[in-house]
Amino acid sequence: MSGLNEEIRELPAADVPTRRVSITVNGEKRTADVEPRLLLAHLLRQAFRLTGTHTGCDTSNCGACTVLYDGTPVKSCTMLAVQADGHQVTTVEGLAGPSELHPIQEGFSDEHGLQCGFCTPGMMLAATALLRENPDPTEDEVRWALSGNLCRCTGYQNIVKSVLWAAKKLQSQSAS
Amino acid sequence: MTQARDEIKIGGLGASRKRVEDNRFIRGRGRYVDDIVLPRMLHMEILRSPLAHARITSIDVSKAWAIPGVRLVLTGEMMASRNLAWMPTLSYDTQAVLATDKVRFQGQEVACVVADDPYIAKDACEAIVVEYEPLPAIVNPQQAMAEGAPLIRDDKENQHDNVVFNWEVGDSDGTDRAFAQADLVSTLELHYPRSHPSPIECCGSIADFDRSTSKLTVYMTTQAPHIIRAAVALVAELPEHMIRIVSPDLGGGFGNKVPVYPGYVMSILASILLERPVKWIEDKTGNLISTGFGRDIYLRGEMALRQDGKILGVRMHTDSDHGAFFSDAQPSKFKIGLMHSTFACYDIPAAHLTARGVYTNKAPGGVAYRCSFRVTEAMFFQERMMQAAADDLGIDQAEFRRRNFVRDDDFPHRTPFGFLTDSGQYGKCLDVGLQAIGYQEFLKEKEEAKKQGRLLGIGISTMTEPLGAGNSREYDILGIKMFDSAELRVHMTGKAILRTGAKTQGQGHETTWAQIVAHELGIPAADITVEEGDTDTAPFGMGTYASRSTPVAGAAVAMVSRKVRAKARKLAAHLLEVSEEDIEWELGRFYVRSAPDHGVTIQECAMAAYSNMPDGMEPGLENVAYYDPPNLTWPFGCYIVTVEVDPQTGVWDVLRVVAVDDCGVRINPMIVEGQIMGGLTEAYAMASMQFMTFDAQGNCVGSNYMDYLLPTAWETPGYELHEVVTPSPHHPIGAKGVGECATVGGPAAFVNAVLDAIKDTGVRNIDMPLLPDRVFEALTTGRDVSGAPPVRTDDQ
């Protein structure tokens with residue numbers, strides 16, 4: 001899209017109390033002075049410009065804002081940025097290197113596991129956490145693991161297939 | 001045969017081509033409205049009414065202004081001073097942008113704040129003090145029509161009651177005669193509860209008025225950017241060429257992002273006043289309680305039947321609840337959308353429909369929630385009435401449908417309400433579905449299960465629905481005819497860019513439109529970029545909703561490709577040094593009829609258009625097509641569901657779902673199947689859990705995802721998909737559209753299955769949603785469970 005510039009407003013107005021947080025985001029240490037009430041999702045999106053983390057429902061139900069917090073999926077729209085101080089956060093942008101794709105990303109594309117794409121980053125992160133715990137899940141296990149993430153487009157069947165596709169690929173990678 | 005093989009290779013018609021848009025979405029690089037940041041951008045938040053019906057006695061904004069970082073506070077009074085307190089709706093009504101006199105539904109916009117960041121704007125909204133004088137709330141059509149009901153729209157001259165419209169269609173006398181001849185009359189009363197399309201992404205906009213150029217650019221979550229441009233030109237009285245609407249990636253739409261919302265208008269005014277970009281991003285509660293809902297309609301239906309199963313006539317009356325403002329996004333001629341497309345797949349001699357719409361103290365809407373203007377309700381009512389009639393007659397439900405289907409050789413067929421259906425093989429679709437589910441075997445299994453006290457049921461829903469509004473004779477929104485458009489520019493190296501007046505929101509236009517061009521021109525789909533959603537660059541179109549993209553914009557893509565091919569043919573004749581009449585076309589190549597080896601590719605023609613055109617020929621290889629469809633397209637769907645109901649709890653589990661869709665020619669089978677599975681899930685959602693209701697005070701129950709239930713991967717059943725292909729005879733590539741069929745036809749299959757399972761209780765109806773407690777109530781009392789689920793409060 002043309003005409004877009006970035007104006008990063010990391011610092012709130014001077015008279016607002018802030019706290020310095022230091023978070024390892026996608027392997028890189030990032031620091032920001034934040035209002036204690038700032039949500040983690042907003043820190044990631046607004047200050048760090050990692051807009052792949054979406055906010056959908058504000059109540060932890062939809063999971064569009066799912067990120068990995070020390071490897072565990074959390075809803076970043078109901079977590080404060082200060083709670084992440086000193087921790088590791090992985091967003092969709094950190095799933096793979098610059099010109100690479102993680103098998104979960106390939107799986108979603110290959111099995112048509114997305115339509116509008118809004119829930120996709122959260123879905124992929126929740127699925128990644130599942131596959132780390134359980135490299136060979138059944139369909140039911142995938143459905144259960146993703147039940148904190150809502151999708152309005154796909155009806156989930158292809159999302160499940162995408163995760164199973166990625167599981168297979170990851171297994172063959174670790175075998176070789 | 002060679003052509004077919006080559007065509008799949010270049011990503012043409014019928015190729016399950018991987019989606020090009022996925023490349024950005026899987027990387028988290030989509031560009032949704034909230035991802036856009038402009039220099040000097042401010043943030044807007046809206047203060048909403050906590051009450052459903054109340055007079056505003058005072059608004060004190062002084063404390064909001066005192067908060068550092070607040071740049072603007074707007075109230076209805078201030079909007080009124082600029083003549084912007086009210087705006088026109090898409091159905092010739094008016095809607096308050098910010099309330100001036102009174103609030104008419106819970107969640108109505110009362111004030112807004114623009115500040116340096118969204119947190120400050122929210123703080124400031126909370127600092128605004130509004131005093132209300134509560135008025136009695138009206139929450140259903142019955143109350144709206146009651147003697148002495150409070151007048152909701154006292155702002156309108158000549159509005160003396162709460163009726164929005166009375167409308168009728170069909171043949172009243174002929175229907176009366178049919179009923180006089182009936183052996184049996186089957187009657188059913190139904191409610192289709194209020195539902196919200198609820199895309200995961202809420203609505204939002206960034207208005208950017210630039211004083212130096214007088215140009216207004218608005219990034220907006222809209223499915224219909226050109227309609228918005230026209231509306232902004234009219235409402236804000238800005239010149240249309242100075243308005244640019246950009247609809248970037250949309251996180252789902254489903255009809256929710258068609259109307260014009262007050263938030264858009266306020267962000268535009270704020271940007272004009274402040275001369276800075278103003279971003280408004282709605283929160284989920286705001287989206288659920290204030291933006292376009294779907295359904296909320298009551299039916300009384302009667303069917304005149306002959307003992308042998310022939311339907312002689314149908315009579316229907318609907319009462320629809322439109323909320324406080326009549327803002328349905330639908331063709332202006334039809335007050336209750338395309339409700340009268342009901343019973344189109346059956347050969348019925350006479351039918352009559354009366355419809356009454358009323359105002360209530362609920363959010364405005366009546367949008368086409370994943371359907372072609374109320375056809376979801378139409379087909380649900382149809383298929384519930386069909387099952388009840390089959391049961392009343394004692395005829396097998398599949399056989400009853402078959403006896404009344406329009407026959408394959410009876411097209412085009414005039415429906416009892418005057419539509420002309422284009423084509424179909426209804427009996428074949430039903431056969432495929434029955435075969436797939438193992439119908440006879442299931443009936444036996446059901447009888448066996450009954451002996452063990454288990455309740456199995458099977459539900460069928462078959463329907464054809466009208467897509468692709470529409471022909472310009474009958475279809476317009478605010479007087480703008482419902483055609484669509486495509487513009488194709490072929491570059492000199494044979495690569496191309498295509499722009500259309502539609503707007504994708506997950507349907508995959510960037511992938512499928514290129515496939516249509518590939519089919520028509522033989523340019524590989526990978527060589528074609530597709531762009532939509534920017535009114536400064538896209539040709540005028542009516543946008544994407546009501547499954548109209550493939551039938552209308554998709555047809556325009558084929559037609560513009562043919563225009564380009566016609567010019568390429570002239571270039572080919574020049575290059576081959578023969579006359580045009582001596583040239584033949586095969587995919588991607590012109591050749592001399594008498595010497596097939598002597599030919600030129602479409603890419604060579606493209607190069608010639610810029611480097612070697614014949615004398616007198618206009619250079620370049622591009623064109624634009626506006627497509628006004630001759631008729632609607634009529635896809636057909638057959639959905640069959642089996643369930644088991646737990647007699648102890650009323651919980652029902654879906655055993656199998658079989659879907660047979662005939663959507664004509666399939667452009668990208670993978671995407672078609674994705675659309676069908678998404679649609680089936682919304683059907684399951686509405687049948688099982690997804691509804692919005694209101695308490696007696698007009699409080700919306702369903703204002704967040706803890707109260708408004710959407711199915712997760714865990715509850716959602718698996719799907720078995722089958723196809724039949726009957727090409728549309730009038731669409732350039734024979735496609736009919738598919739995005740909404742399963743949402744439209746699906747709900748009745750689930751409900752019919754549950755009711756089939758408990759048929760022995762004598763219960764004829766449970767209104768949606770079929771929550772376990774409602775099913776349990778029916779099972780234990782043997783009585784129908786009707787109407788919206790009651791709101792249980794602590795003091796009851």
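**Domain contact in chain A and unusual backbone geometry**

The C-alpha centres of domain 1 of chain A and domain 2 of chain A lie 21 Å apart. This separation belongs to a predicted model. In the domain assignment of chain A, domain 1 covers residues 19-94. Domain 2 covers residues 103-175. The contact between them draws 16 residues from domain 1 of chain A and 11 residues from domain 2 of chain A.

Two strands of chain A, β3 (66-69) and β4 (72-75), each supply at least two residues of the side of domain 1 that touches domain 2. The largest contribution to this side comes from β3(A), with 3 residues. By class, the side of domain 1 of chain A that touches domain 2 of chain A holds 7 nonpolar and 9 polar residues. Charged residues are absent from it.

Confidence was examined next. The model scores ipTM 0.97 and pTM 0.96. For chain B, the mean pLDDT is 96. In that chain, 99% of residues reach a pLDDT of 70 or more. Such scores matter for reading a model: where pLDDT is low, the predicted coordinates should not be read in detail.

The backbone of chain B contains a cis peptide bond between F411(B) and P412(B). Its omega is about -5°. P412(B) sits in the loop between α12 (397-404) and β18 (413-414) of chain B. The peptide bond from A469(B) to G470(B) is also cis. Here omega is near -20°. G470(B) belongs to the loop that runs between β20 (455-464) and β21 (476-477) of chain B.

Positive phi values occur at residues that are not glycine. One of them is R49(A), where phi is about 55°. R49(A) lies in chain A, in the loop between α1 (40-47) and β3. This residue has 12 other C-beta atoms within 10 Å, so R49(A) is exposed. The strand that follows this loop, β3 of chain A, is also the strand that gives the most to the side of domain 1 that touches domain 2.

In chain B, L478(B) likewise has a positive phi, of about 50°, although it is not a glycine. L478(B) is placed in the loop between β21 and β22 (480-481) of chain B. Its surroundings include 14 other C-beta atoms within 10 Å. L478(B) is therefore partly exposed, as a residue counts as exposed at 12 or fewer such atoms and as buried at 20 or more. Strand β21 of chain B thus borders the loop of L478(B) as well as the loop of G470(B).

How values were computed
Residues are numbered from 1 along each chain as its sequence is written. Chains are lettered from A and ligands numbered from 1 in the order in which they are written. This is a predicted model: local features need pLDDT of at least 70, side-chain atom pairs count only at pLDDT 80 or more; totals for chains, interfaces and linings use all residues. Domain bounds come from an automatic or database domain assignment. Two residues are in contact if their C-beta atoms, placed from the backbone, lie within 7 Å. Helices (H or I, at least four residues) and strands (E, at least two) are DSSP runs, numbered from the N terminus. Ala, Val, Leu, Ile, Met, Phe, Trp, Tyr, Cys and Pro count as nonpolar, Asp, Glu, Lys and Arg as charged, and the others, Gly among them, as polar. pLDDT is the predictor's confidence in each residue, from 0 to 100.
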